[in-house]
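Here are my notes after a look through this one, jotted down as numbered points. Have the viewer open while you read.

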Amino acid sequence: MGKVITSIDITPDGFADGQYTIVDAEFFEFTLGLLADTRTVAFGRNTFELFQGVWPPRLEKENATEWQMKRAKVLTDIPKEVYSSTLKMSTWNNSTIVPKIDAEHINTYKQEEKGGLLTIASPSLVAALTEMKLIDDYYFCIQPLIAGKGGVRLFDKMKLDSSRPLKFVDSKQLKSGVHVIHYQSIY
């Protein structure tokens with residue numbers, strides 16, 4: 001069965017800003033493992049625009065590292081959905097703009113025999129999917145830094161009708177100091 005999975009980077013003090021994320025070859029290998037079982041990657045508008053500005057141009061850079069080229073190719077080739085009511089067009093291959101988060105649409109990914117939906121970053125999208133009880137697996141990538149400031153705190157504006165219990169699955173320490181903690185939702 002397919003799943004809805006999220007990979008979210010966060011500092012110990014709760015900031016989910018991309019500026020604090022350590023992206024290196026080892027982190028990419030972790031992400032590549034998640035992408036291997038994914039049919040579609042989902043983004044909120046801000047993260048999508050950031051990724052669209054970084055990864056497709058990497059395919060044209062002669063001085064990009066091998067892992068950067070591989071990540072750029074994988075992200076360009078995989079189908080992408082950007083959830084936004086304001087974005088009108090995209091220049092990134094295989095991208096679809098979805099104007100509203102619809103539980104029925106998201107649940108179609110769970111009906112698939114293989115694959116599913118993976119959100120990368122996109123704190124507002126993660127919060128909305130959490131509120132709707134649609135996320136099956138969370139990968140919290142704890143960055144080794146107390147940010148002290150930033151634009152987005154994870155789950156800062158979320159209002160839940162009840163708590164969302166999680167079951168610990170495993171964790172992994174990367175050489176960079178990033179600690180990846182995997183939880184499954186218990187509904």
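1. Start with Arg-164. Setting aside neighbours up to four places off in sequence, its contacts are Thr-130, Glu-131, Lys-133 and Tyr-187. Keep in mind that this is a predicted model.

2. Where does Arg-164 sit? Look in the loop between β6 (137-142) and β7 (166-173). Loop or not, Arg-164 counts as buried, because its relative accessibility is 14% and the cut-off for buried is under 20%.

3. What does the Arg-164 side chain reach? One partner is the backbone oxygen of Thr-130, at 3.2 Å. Another is the side chain of Asp-161, in a polar contact of 3.2 Å.

4. Now over to helix α1, residues 25-36. Its twelve residues, at 1.5 Å each, should span 16 Å, and the end C-alpha atoms are indeed 16 Å apart, so the two figures agree. At the N-terminal end, Asp-24 acts as the cap: one of its side-chain oxygens lies 3.3 Å from the backbone nitrogen of Glu-26.

5. Which residues of α1 are buried? The list runs Phe-27, Phe-28, Phe-30, Thr-31, Leu-32, Leu-34 and Leu-35. For reading that list, remember that an α-helix has 3.6 residues a turn, so residues three or four places apart point the same way. The cover over these buried residues includes strands β1 (3-10), β2 (40-44), β5 (116-120), β6 and β8 (179-185), along with helix α3 (66-77).

6. The α1 and α3 pair deserves its own point. Their axes come within 10 Å and cross at roughly 25 degrees. Angles under 35 degrees count as roughly parallel, and α1 and α3 are therefore roughly parallel to each other. The crossing of α1 past α3 is left-handed. On the α1 side, the contact is made by Ala-25, Phe-27, Phe-28, Glu-29, Thr-31, Leu-32 and Leu-35. From α3 come Trp-67, Lys-70, Arg-71, Val-74 and Leu-75.

7. Last, have a look at Leu-34, which belongs to helix α1. With a relative accessible area of 9%, Leu-34 is buried. What does Leu-34 touch, not counting residues up to four places away in sequence? The answer is Ser-7, Leu-118 and Tyr-139. Take Tyr-139: Leu-34 and Tyr-139 are 105 residues apart in sequence, yet their C-alpha atoms are 9.7 Å apart in space.

Key
Residues numbered from 1 in each chain as written. Predicted model: local features only at pLDDT ≥ 70, side-chain atom pairs only at ≥ 80, totals over all residues. Heavy atoms only, no water. Helix = DSSP H or I, 4+ residues; strand = E, 2+ residues; numbered from the N terminus. Buried < 20%, exposed > 50% of the residue type's maximum accessible area, 1.4 Å probe, protein only. Polar contact = N/O pair within 3.5 Å; in protein donor to acceptor, adjacent residues only side chain to side chain. Contact = heavy atoms within 4.5 Å. Expected span 1.5 Å × (residues − 1). Axes fitted to C-alpha atoms, helices over the stretch in contact; angles between N-to-C directions. Parallel < 35°, antiparallel > 145°, perpendicular 65-115°, else oblique. Left-handed = near helix turned anticlockwise from the far one by under 90°.
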